[in-house]
Amino acid sequence: MFSHVMIGTNDLEKAKAFYDKLLGTLGVEPAVVDRHRIFYRTKTGTFSVSKPIDGKPATPANGGTIGFLAKSPEEADAWHAAGLANGATTCEEPPGVREGGVKMYLAYLRDPDGNKICALHRMPA
């Protein structure tokens, strides 16, 4: 259904340093830089961070969350720790198992620009 997800930043270099380290914990290669944007490409899709084309400040989505797939709870924990070590702040509940029909391990952060992001691992039934 989705080809890519793009979020905004006010500091592209800071965003690249943050997401290179964060997504590296999930096995994603460092970003490719294209002028005012960076791209992380995998077999399952593209995640991009961009300075707004209209020149106005980037702002996080209210109610929006970007979710990244983790292969295990340990990978989600490493993702969360890398985020905190590189300028993110924790949000929601601490990383852990949530049940609501499907059992999932979730870890939430706010990136340095305030975007809400999550690592998700679907637990075996």
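Colleague: Happy to look at this with you! In what order do the strands of the open sheet of four strands lie?

Modeller: Keep in mind that this is a predicted model. The pairing in this open sheet is mixed, and β1 and β2 (32–34) are its edge strands, each pairing on one side only. From one strand to the next, the twist averages 20 degrees. Read across, the order is β1-β4-β3-β2.

Colleague: Thanks, that helps. In which sense do β1 and β4 pair, parallel or antiparallel?

Modeller: Five bridges link β1 and β4. Val5 stands opposite Phe47 in β4, and Ile7 stands opposite Val49 in β4. The sense of the β1 and β4 pairing is parallel.

Colleague: Now the other pairings. How many bridges join β3 to β4?

Modeller: These two strands run antiparallel, and a hairpin joins β3 to β4 through two residues. Tyr40 has Phe47 as its bridge partner in β4, while Phe39 stands opposite Ser48 in β4. The number of bridges joining β3 to β4 is six.

Colleague: Which residue in the turn between β2 and β3 has a positive phi?

Modeller: β2 and β3 run antiparallel, joined by three bridges, and Val32 stands opposite Phe39 in β3. The two strands form a hairpin with two residues between them. In that turn, the residue with a positive phi, about 55 degrees, is Arg35.

Colleague: And what about the helix on this sheet: what angle does the direction of α1 make with that of β3?

Modeller: Helix α1 covers residues 12–24 and packs on the sheet. It touches β1, β2, β3 and β4. Its direction and that of β3 make an angle of about 15 degrees.

Colleague: Staying with that helix, which residue forms a salt bridge with Lys16?

Modeller: A search of the whole structure finds six salt bridges. In the one formed by Lys16, the closest N and O atoms are 2.5 Å apart, which is within the 4 Å cut-off, so the pair counts as a salt bridge. Both residues lie in helix α1, four residues apart, about one turn of the helix. The partner of Lys16 is Asp20.

Colleague: Let's move to another hairpin. Which residue takes a positive phi in the hairpin of β7 and β8?

Modeller: Strand β7 (residues 96–99) pairs with strand β8 (residues 103–110) in the antiparallel sense, over four bridges. Arg98 stands opposite Met104 in β8. Three residues lie between the strands, and the one with a positive phi, near 95 degrees, is Gly101.

Colleague: Finally, the pocket. Which element gives the largest share of the lining of the largest pocket?

Modeller: The largest pocket has a volume of about 780 Å³ and is lined by 25 residues, with Thr42, Thr44, Gly67, Phe68 and Leu69 nearest its centre. The elements giving two or more residues to this lining are β1 (4–8), β3 (37–42), β4 (45–50), β5 (66–69) and β9 (116–122). The largest share is four residues, and it comes from β5.

Colleague: How many residues of that lining are nonpolar?

Modeller: Let's sort the lining residues by type. Three of them are charged and nine are polar. The number of nonpolar residues in the lining of the largest pocket is 13.

Definitions and conventions: Residues numbered from 1 in each chain as written. Predicted model: local features only at pLDDT ≥ 70, side-chain atom pairs only at ≥ 80, totals over all residues. Heavy atoms only, no water. 1 Å grid on protein atoms, 1.4 Å probe; cavity = no way out; pocket = protein on both sides within 12 Å on 5 of 7 lines; lining within 4 Å. Points joined across faces, edges and corners; volume = space filled by probe spheres on them. Nonpolar A, V, L, I, M, F, W, Y, C, P; charged D, E, K, R; others polar. Pairing = 2+ DSSP bridges. Axes fitted to C-alpha atoms, helices over the stretch in contact; angles between N-to-C directions. Contact = heavy atoms within 4.5 Å. Salt bridge = Lys/Arg side-chain N within 4 Å of Asp/Glu carboxyl O.
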